[in-house]
Amino acid sequence: MSVDGGRAPTLLDPLRQRDFRCLAGGRMATYFANAMAPIVLSFAVLDLTGSLIDLGIVVGARSVANVALLLFGGVIADRLPRRLVLQGSSVAAGLAQAVIAASLLFGFASIPVLVVISVINGMVAAVSLPAAAALVPQTVPHEMIRPANAVVRMAVNAGMVLGASTGGLVVGFAGPGWGIAVNAAVFLLAGLCFARIRAARVAPPASGPARPLAELREGWSEFTSRTWVWVVVLQFLVINAVVAGGLQVLGPTIADQSFGRTTWGLLLAAQTAGAFAGGFVAARTRPRHALRIGAAVGAFEAVPLLALGTTSHIAPLLAAMFVNGVALEQLAVAWDVSLQENIPPERLARVYSYDALGSFVAIPVGEVAAGPIALHVGLDTTLVAGAVLVVAATGFALCSSSVRRLTVKPAEPRLPAGEVTA
């Protein structure tokens, strides 16, 4: 793999591509807004009614709409120009948040209004997610796909961290109404970034009459025809459920019982720092069997679970979270590159939508199940058993020769300027 002068591409090389800069900036803004939205919306509901039931209904409405339409989001992203899908979904999300902000600032907010807008936000998020993931290989030459995915992951992580912290600050200083107004502006900024994308190294969008169910079946056939795809998705369906329950439910509980909430925030920051470091590693390496390595490092999801279940000392916990963050980026980049190199571009978004559905379904299952299991067998036992399950799921994936043998494709010659198809 090489760029000009025969050197290996770095993190900066994809950023020299105008379309990629716009995509990365748009995705960072989108994740910033998506991380900020639940925080400001939660406080808006609590200020409005003070009811945890109302809060669950409003937040849950978005999740239900998102899962229900995720597969059709892949169909739309494979049928229409992806940059237009992203631009339209960002503008729609911005306008929806602007309506919520106006309702809070001018005093006509109600739970039904918030539920309806949350459903709209869930719908547009379902459309944008597969389109964004599938657009990366259209914005850079083939030899830059790996560092490009690493940069996108770093932008996404930065967006989530900054969005969550900004949400808390704005709500604290100005209130939920202005917080959601800022959130709306960030969504519109993402739409502006996506609107500036021009090139597309892919076949034209699908033509002819829309056949959503038939196109879903085509995506499912593509998803199931490659063993390595559905095996790794099954692996992480299990891992996501275990980790969601272990870190998002049991982790804060243990923090309250032992080392405190401030330290828990520090542990999460260490995981994020590991993710940034992992992005640099992923961008600078190109292992021939990237998916094999990526699937294998899924076992590192067991490390923080084991640490939480066996010690309350800060140093090993910090190390466990940092190492976990580094490992996860290797998997994420290897997975994206494997899909983008091997799935036909005109079906890529649909495969991403099936992949995302597996993750989204697993997370609430793990979150709901963790508490009752821990009450029955104990916190430490639940965490250690979860770690064992993570390792077992990883072993299952590595038993597949399809996962072990998949290789990275060699770099292709770069297209001369002006020969990029529109």
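**Asking how we know: helices, cysteines and buried residues**

Modeller: The axes of helix H8 (residues 212–225) and helix H9 (residues 227–257) come within 5 Å and cross at roughly 85 degrees. This is a predicted model, in which local features need pLDDT of at least 70 and side-chain atom pairs count only at pLDDT 80 or more, while totals for chains, interfaces and linings use all residues. Residues are numbered from 1 along each chain as its sequence is written, and side-chain values use heavy atoms, with hydrogens and water left out.

Biologist: What makes H8 roughly perpendicular to H9?

Modeller: Angles of 65 to 115 degrees count as roughly perpendicular, under 35 as roughly parallel, over 145 as roughly antiparallel and the rest as oblique. The H8 and H9 axes cross at roughly 85 degrees, so H8 is roughly perpendicular to H9.

Biologist: Which residues of H8 and H9 meet?

Modeller: Phe 223, Thr 224 and Ser 225 in H8 meet Thr 227, Val 229, Trp 230 and Val 233 in H9. Contact here means heavy atoms within 4.5 Å.

Biologist: How do you know that the span of helix H14 (residues 348–377) agrees with its number of residues?

Modeller: The expected span is 1.5 Å times one less than the number of residues. For the 30 residues of H14 that gives 44 Å, and the end C-alpha atoms are 42 Å apart, so the two agree. H14 does bend by about 30 degrees at Ala 370, with Pro 372 following within four residues. That bend is the angle between axes fitted to the seven residues ending there and the seven starting there. Just after H14, Gly 378 takes a positive phi of about 105 degrees.

Biologist: Why is Cys 22 not bonded to Cys 193?

Modeller: A disulfide is a pair of cysteine sulfur atoms within 2.5 Å. The closest cysteine sulfur to that of Cys 22 is in Cys 193, 6.5 Å away, so it is too far for a bond. The structure holds zero disulfides.

Biologist: Why is Cys 22 called buried, and why is Cys 399 called exposed?

Modeller: Buried means under 20% relative accessible area, exposed over 50%, and partly exposed in between (1.4 Å probe, protein chains only). Cys 22 has 9%, so Cys 22 is buried; Cys 399 has 64%, so Cys 399 is exposed.

Biologist: What makes Thr 382 count as buried?

Modeller: Its relative accessibility is 14%, so Thr 382 counts as buried. Thr 382 lies in helix H15 (residues 379–398). Leaving out residues up to four places away in sequence, Thr 382 touches Leu 250, Ile 373, Ala 374 and Val 377.

Terms used. Helix = DSSP H or I, 4+ residues; strand = E, 2+ residues; numbered from the N terminus. Axes fitted to C-alpha atoms, helices over the stretch in contact; angles between N-to-C directions.
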